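Please find below my notes on this structure, set out as numbered points. They are meant to be read with the sequence and the coordinates open beside them.

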Amino acid sequence: MVQTLIKPETEEYLIYLPKTIGLYVTQEQFAALAASNRELRLERTAQGELIVNPPTGWETGKRNRSISGELYIWWRNAGKPGEVFESSTGFILPNGANRSPDACWVSQERWDALTPEQKGTFANICPDFVVELRSGSDSLISQQEKMREYMDNGAVLVWLIDPQNRTVEIYRAGLEVEVLANPSELSGEEVLPGFLLDLREVWG
């Protein structure tokens, strides 16, 4: 019997990409890359530049667990209003960027307004509430730019939590950014009534 070799659907190559060179992909190419590289947390800028985020270290993973867990407990106890998502979930923002917040929430009204096509693999929506946790490899400036992008695309409340400096930047629609030094807890305010995040678990 003669065996016919079947060419695999994907081919692996090792390539080092200097920071001065960007790799640009379409939405369709991004979806294919994300499906083929589930171990990576991929994002895409509004201009189409691919951002490859490696798996997090144990400290960041532990902090992410605390944040997502507290948000889930609030959501369950509050009667499951809207939809809560953790860090592996991708969204297509109105500006075309593909983003994966560390934790987020979408109001029921806005979620229900999406068509099945808009929900798709990556929902075409910017969450109302976003939490981003700065890891040791994240540039503060790039993280702040991402926070402003969320606000420009429809977010109402955004938290940038920086364990390195023990600070939290709070972004609110129509207001100046508030910076808190070493806070012990954060309130979901009117956006998520009754939600309190105990930061002692995050600061470690």
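1. Arg44 has Leu50, in β2, as its bridge partner, and this pair belongs to the antiparallel pairing of β1 with β2 (residues 50-53), which runs over 4 bridges. The hairpin formed by these strands has 5 residues between them, and within this hairpin Gly48 takes a positive phi near 100°. As with everything that follows, this is read from a predicted model.

2. An open sheet is built from 6 strands, in the order β3-β6-β7-β8-β9-β10, and its pairing is mixed. Because β3 (83-86) and β10 (178-181) stand at the edges with a single partner strand each, one side of each is left without a neighbour in the sheet. From one strand to the next, the twist averages 15°.

3. The mixed character of the sheet can be followed strand by strand. β6 and β7 pair in the antiparallel sense over 3 bridges, with Ala103 having Val131 of β7 as its bridge partner. β7 and β8, by contrast, pair in the parallel sense over 5 bridges, and here the bridge partner of Leu133 is Ile161 in β8. The pairing of β8 with β9 is antiparallel and extends over 6 bridges, with Asp162 standing opposite Thr167 in β9.

4. Helix α2 (residues 58-77) packs on this sheet, where it touches β3, β6 (103-106), β7 and β8, and its direction makes about 160° with that of β7. The helix has 20 residues and reaches 28 Å from its first C-alpha to its last, close to the 28 Å expected at 1.5 Å a residue. Just after α2 comes Gly79, which takes a positive phi of about 95°.

5. Which residues of α2 are buried? They are Thr60, Arg63, Asn64, Ser66, Ile67, Ser68, Leu71, Trp74 and Trp75, a list in which polar and charged side chains should not be overlooked. The elements that cover these buried residues include β3, β6, β7, β8, β12 (196-198) and α6 (200-203). When reading the list against the helix, it helps to recall that an α-helix has 3.6 residues a turn, so residues three or four places apart point the same way.

6. Helix α5 lies across β7, β8 and β9 and runs at about 170° to β8. At 1.5 Å a residue, its 13 residues (140-152) should span 18 Å, and the end C-alpha atoms are indeed 18 Å apart, so the expected and modelled spans agree. At the N-terminal end, α5 is capped by Ser139, a side-chain oxygen of which lies 3.3 Å from the backbone nitrogen of Ile141. After the helix comes Gly154, whose phi is positive, near 120°.

7. The buried residues of α5 are Gln143, Gln144, Lys146, Met147, Glu149, Tyr150 and Met151. These residues pack against β1 (41-44), β5 (98-99), β7 (129-133), β8 (157-162) and β9 (167-172), and β1 is also the partner of β2 in the hairpin of the opening point.

8. How many of the residues of β7 are buried? The strand is mostly covered, with 5 of its 5 residues buried. Phe129, Val131 and Leu133 point one way from β7, whereas Val130 and Glu132 point the other way.

9. The largest nonpolar core has 22 residues, among which Phe129, Trp159 and Ile161 touch the most other members. Two or more residues are given to this core by each of α2, β6, β7, β8, β9 and α6, and α2 gives the most, with 4 residues. Leaving aside residues up to four places away in sequence, Ile161 touches Ile67, Val131, Glu132, Leu133, Arg134, Thr167, Val168, Leu186, Leu197, Leu199, Val202 and Trp203. A second, separate core has 19 residues, including Phe85, Cys104, Val106 and Ala155.

10. Finally, a point on helix α1 (residues 27-36), in which Ala35 is found. Is Ala35 buried or partly exposed? Its relative accessibility is 43%, so Ala35 counts as partly exposed. The C-alpha atoms of Ala35 and Thr121 are separated by 9.9 Å, although these residues are 86 residues apart along the chain.

Conventions. Residues are numbered from 1 along each chain as its sequence is written. This is a predicted model: local features need pLDDT of at least 70, side-chain atom pairs count only at pLDDT 80 or more; totals for chains, interfaces and linings use all residues. Side-chain values use heavy atoms; hydrogens and water are left out. The expected span of a helix is 1.5 Å times one less than its number of residues. Buried means under 20% relative accessible area, exposed over 50%, partly exposed in between (1.4 Å probe, protein chains only). Contact means heavy atoms within 4.5 Å. A polar contact is a pair of N or O atoms within 3.5 Å; within protein, one must be able to donate a hydrogen and the other to accept it, and residues adjacent in sequence count only if both atoms are side-chain atoms. Two strands pair if DSSP finds at least two bridges between them. Axes are lines fitted to C-alpha atoms, for helices over the stretch in contact, and angles run from 0 to 180 degrees between N-to-C directions. A nonpolar core is a set of buried Ala, Val, Leu, Ile, Met, Phe, Trp, Tyr and Cys residues joined through side-chain atoms within 4.5 Å.
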